[in-house]
Every structure is written in C-alpha cells, then in structure tokens.
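Reader: I am new to reading protein models, and I would like to learn how to go through one feature at a time. Could you show me the way?

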Amino acid sequence: MSDFIAVLNGPNLNLLGTREPAVYGSDTLARVEHLCTETAERYGLAVKFLQTNHEGEMLDRIHQWRAEAAGFVVNAGAWTHTSIALRDALVTVESPLLEVHISNVHAREAFRHHSYLSDIAAGVIVGCGIQGYQFAIERIAALRES
Ligand code: CA2
C-alpha cells in the first residue's frame, strides 16, 4: 500500500467558491486541496486529488487507485444520490472510504437524503463545510494507527 490518500470530487465541485456561498461557503476547490495536503502531511501522507465532471474518469481513477491508496475521501456530489456504478467501483477499494458532503444533505431536499455510498463507507461526514475533508483524513490516519 502506498502512502497517499485519494481525495475524489464529483460533478460541479469545480464551481466551489464561485456560486451558492450560502450553501457551500466561499472557499474554492484549490483551498480544499491545500487543506487536504496540509492535513495529510501531518501524518506523513500525500494526497492525490481529483475533480471530474465525467463519471467514467472517476471510475477509471478508482480502479487505478483501489489497491494502492491508504484511504479514499469521496465527495461524489450528485452521483452520491444516483450512481450504482460509482458504488460498485468503491465497494472494491481495499482501504477505508470516508464519504464527505460540505452541506448538510439531510437538511436539504429529500432526494439528497439517500446515498448509494453511506452503507459501504467507514464513515460519513456531512454539514461541516470543507473542514469535513480534514476530519476524513484525520479519521483515515487514526484507522491506520489502530
Ligand atoms: O454538500 C455536498 O458536498 C454535495 O455533495 C454537493 C453536491 C450536491 O449535489 C450533493 O447533494 C451535496 C453539489 C456540488 C455542486 O457544487 C457547487 C458548488 C458551488 C456552486 C455550485 C455547485
């Protein structure tokens, strides 16, 4: 197993910090990447960071990293609520999966309340803003030490 955490972001998250600040805050995805890198470094880990609007690219990357990564932090965006293909890919990963949502999906529309990922995740963090990514990395580091 390599010493990196895969941080995967799904559709439209490239728009973070440019629209809907009341829901998603004003930090950009570049800031999220920086926060992840900084947090992982405290535990001697690197980060491989992906944002894609293309589901196939996301699946290919999971296949590439599934046996290598020390953990997966996944904000799948709207695919969370729709994609069995994404679930089928993530169920094959060999290290802990942490599901992250910036907003509190349970306080939003009913279609955001169901996740195809939560029951296969080692943990789920919602509504903590971009700090959720930090918590997820800290949790992966703790699981490695236990
Ligand atoms: O709260 C989250 O992190 C979500 O995963 C974000 C997704 C949404 O579909 C999920 O239900 C919850 C949407 C990501 C779109 O991000 C934007 C950010 C800024 C402006 C527009 C979209």
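**Around the ligand**

Author: Let us begin with the ligand, which in this predicted model is surrounded by 17 residues, the closest being N75, H81, H101, I102 and S103.

Reader: What kinds of residues make up the shell around the ligand, that is, how many are nonpolar, polar or charged?

Author: The shell divides into eight nonpolar residues, six polar ones and three charged ones.

Reader: Which protein atoms lie 2.7 Å from an oxygen atom of the ligand?

Author: A polar contact is a pair of N or O atoms within 3.5 Å, and with that cut-off in mind we can take the cases in turn. In the side chain of H81, an N or O atom is 2.7 Å from a ligand oxygen, while for I102 it is a polar backbone atom that lies 2.7 Å from an oxygen atom of the ligand. R112 also takes part, with a polar side-chain atom 2.9 Å from a ligand oxygen. On its own the ligand has 510 Å² of accessible area, and the protein covers 96% of it.

Reader: Where does the ligand sit?

Author: The ligand sits in the largest pocket.

**The chain as a whole**

Reader: How many helices and strands does the protein chain have, and in what order do they run?

Author: There are five helices and five strands, and, read from the N terminus, their order is β-α-α-β-α-β-α-β-β-α. The chain is as compact as a globular protein of its length, because its radius of gyration is 14 Å, close to the 15 Å that the globule rule gives for 146 residues. The C-alpha trace spans about 40 × 30 × 25 Å along its principal axes.

**Backbone angles**

Reader: What should I look for in the phi angles?

Author: Most residues other than glycine have a negative phi, and with that in mind we can look at N12 and E20. The phi of N12 is positive, near 75 degrees, and N12 lies in the loop between strand 1 (4-9) and helix 1 (21-24). E20, which is not a glycine, has a positive phi of about 50 degrees, and E20 is placed in the loop between strand 1 and helix 1.

Key:
Residues are numbered from 1 along each chain as its sequence is written. This is a predicted model: local features need pLDDT of at least 70, side-chain atom pairs count only at pLDDT 80 or more; totals for chains, interfaces and linings use all residues. Side-chain values use heavy atoms; hydrogens and water are left out. A residue is near a molecule or strand if one of its heavy atoms lies within 4 Å of it. A polar contact is a pair of N or O atoms within 3.5 Å; within protein, one must be able to donate a hydrogen and the other to accept it, and residues adjacent in sequence count only if both atoms are side-chain atoms. Accessible areas come from the Shrake-Rupley method with a 1.4 Å probe; for residues, only the protein chains shown count as cover. On a 1 Å grid over the protein atoms alone, a cavity is a set of points where a 1.4 Å probe fits but cannot get out, and a pocket is an open set with protein on both sides within 12 Å along at least five of seven lines; lining residues have an atom within 4 Å of a point. A molecule sits in a cavity or pocket if more than half of its atoms lie within 2 Å of its grid points. Ala, Val, Leu, Ile, Met, Phe, Trp, Tyr, Cys and Pro count as nonpolar, Asp, Glu, Lys and Arg as charged, and the others, Gly among them, as polar. Helices (H or I, at least four residues) and strands (E, at least two) are DSSP runs, numbered from the N terminus. The radius of gyration is taken over C-alpha atoms; the globule rule is 2.2 Å times the number of residues to the power 0.38.
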